[in-house]
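Work through the following exercises with the sequence and the three-dimensional model side by side. Each task is followed by a solution that proceeds step by step.

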Amino acid sequence: MISVALLPEGSVSDEAAHYLFGDSEVKWNHYKPIADVFLSTAGEKTDYSIIPIENTIEGSVSLHLDWLVNEVDLPIQAEWVYPSIQNLIGHRNELVNPDGTLASERIVKVLSHPVALAQCTQYLRNHLPHAELEQISSTVEAVRLVKENPDAGWAAIGTQSGARVHGLDVLCQGVTDHSNNYTRFLLVGSKPFEARTSDVRKTSVVIHLPEDYPGALHQVLSAFAWRRINLSKIESRPTKKRLGNYYFTIDIEMPIESVLLQSAISEIEAIGCQIRVLGSYPSFSYK
């Protein structure tokens with residue numbers, strides 16, 4: 001049986017994991033901090049980790065990217081996107097008026113993951129401007145805290161499944177600011193992913209430029225450009241060695257086996273760049 005590490009039951013990661021694996025037999029291993037998710041697979045306690053890596057509204061999850069690049073050596077085996085639909089969750093008998101409308105004036109605090117709060121900025125500003133916002137390690141942990149503090153005027157931003165897991169009520173559905181809010185997830189681990197197949201394959205690499213080499217990044221991009229290799233994403237991150245020193249992560253819409261990509265990598269290495277392949281993997285869109 002496949003074993004998978006992921007964030008708590010009822011989180012968007014949990015919903016996305018079941019979407020990816022479908023009817024496959026899987027042993028789910030839930031952890032609260034993302035570090036424990038990574039370390040479970042790095043320590044060979046689980047076969048895979050599920051990592052949220054990018055969101056439509058907030059962009060890249062920098063902490064997770066840094067873990068993938070700097071803290072563990074876990075190849076990417078798949079990527080997929082899943083809708084991130086957030087809801088206002090709480091105790092209905094506490095926060096809903098007799099006529100069924102939300103008693104927003106009774107809500108004194110809203111708890112959630114910082115990314116989820118950011119996804120609901122306009123809703124919170126327009127409907128709950130008086131409420132304190134508190135950042136929690138995950139949306140489902142926020143729901144749990146609200147459950148354990150009845151009559152405190154607390155509400156959480158989270159998923160419908162998170163509300164079901166903890167027996168709370170969805171007070172207002174779909175409070176995200178944009179209806180096209182999706183999260184991109186990575187499946188990382190040492191075993192190839194075989195539960196599903198896709199005609200779309202991508203490759204992700206990390207590139208460290210040589211120091212004191214004017215035009216190095218231009219030459220890197222040119223190696224892809226003249227071969228007409230499409231890059232779906234390029235991002236810089238600090239190396240943590242000194243201020244102003246960066247590495248680049250690049251997502252390439254081509255499998256590593258391609259002769260064109262192999263020759264591009266050779267050209268980039270020839271100018272003194274260090275390249276690490278994070279993975280070459282199937283990519284799944286949401287249907």
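**Exercise 1.** Determine which residues valine 165 touches, not counting residues up to four places away in sequence, and state how far its side is open to solvent by class of accessibility.

Solution. Valine 165 touches Glu9 and Gly10 once residues up to four places away in sequence are set aside, where contact means heavy atoms within 4.5 Å. The next step is to place the residue: valine 165 is found in helix α8, residues 160–165, helices being DSSP runs of H or I with at least four residues and strands DSSP runs of E with at least two, numbered from the N terminus. Its relative accessible area of 37% makes valine 165 partly exposed, since buried means under 20%, exposed over 50% and partly exposed in between, computed with a 1.4 Å probe on protein chains only. Finally, valine 165 and cysteine 120 are 45 residues apart in sequence and 22 Å apart in space, C-alpha to C-alpha.

The model is predicted, so local features need pLDDT of at least 70 and side-chain atom pairs count only at pLDDT 80 or more, while totals for chains, interfaces and linings use all residues. Residues are numbered from 1 along each chain as its sequence is written, and side-chain values use heavy atoms, with hydrogens and water left out.

**Exercise 2.** Is serine 3 buried or exposed, and which residues does serine 3 touch?

Solution. Serine 3 is found in strand β1, residues 2–6. With a relative accessible area of 12%, serine 3 is buried. Not counting residues up to four places away in sequence, serine 3 touches Lys27, Asn29, Lys45, Thr46, Asp47 and Tyr48.

**Exercise 3.** Describe how strand β11 is covered and how β3 and β5 are joined to β11.

Solution. Begin with burial: strand β11, residues 182–189, is mostly covered, as seven of its eight residues are buried. Then follow the pairing, for which DSSP must find at least two bridges between two strands. Strand β3, residues 48–55, runs antiparallel to β11 and is joined to β11 by seven bridges; strand β5, residues 76–83, likewise runs antiparallel to β11, with seven bridges between them. As a check on the register, valine 188 of β11 stands opposite serine 49, and valine 188 is also the bridge partner of isoleucine 76.

**Exercise 4.** In which order do the five strands of the open sheet lie, and which helix packs on the sheet?

Solution. The order is β8-β7-β9-β6-β10, and the pairing is mixed. The edges are taken by β8 (132–135) and β10 (169–172), each with a single partner strand, so one side of each is left without a neighbour in the sheet. Neighbouring strands of this sheet are turned by 35° against each other on average, direction ignored. At the β10 edge, β6 (residues 87–90) pairs with β10 in the antiparallel sense over three bridges, and leucine 88 has cysteine 172 of β10 as its bridge partner. Helix α7, residues 139–147, packs on the sheet, where α7 touches β6, β7 (109–112) and β9 (154–158), and the direction of α7 makes about 160° with that of β9. Such angles run from 0 to 180 degrees between N-to-C directions, and axes are lines fitted to C-alpha atoms, for helices over the stretch in contact.

**Exercise 5.** At what angle do helix α2 and helix α3 pack, and which residues make the contact?

Solution. Two packed helices are described by the angle between their axes and the distance between the axes. Helix α2 (residues 34–42) and helix α3 (residues 62–71) pack at an angle of about 25°, with their axes 11 Å apart. That makes α2 roughly parallel to α3, given that angles under 35 degrees count as roughly parallel, over 145 as roughly antiparallel, 65 to 115 as roughly perpendicular and the rest as oblique. On the α2 side the contact is made by Ile34, Ala35, Phe38 and Leu39, and on the α3 side by Leu63, His64, Trp67 and Leu68.

**Exercise 6.** Where is arginine 228 found, and is arginine 228 buried or exposed?

Solution. Arginine 228 is found in the loop between α9 and β13 (231–238). At 75% relative accessibility, arginine 228 counts as exposed.
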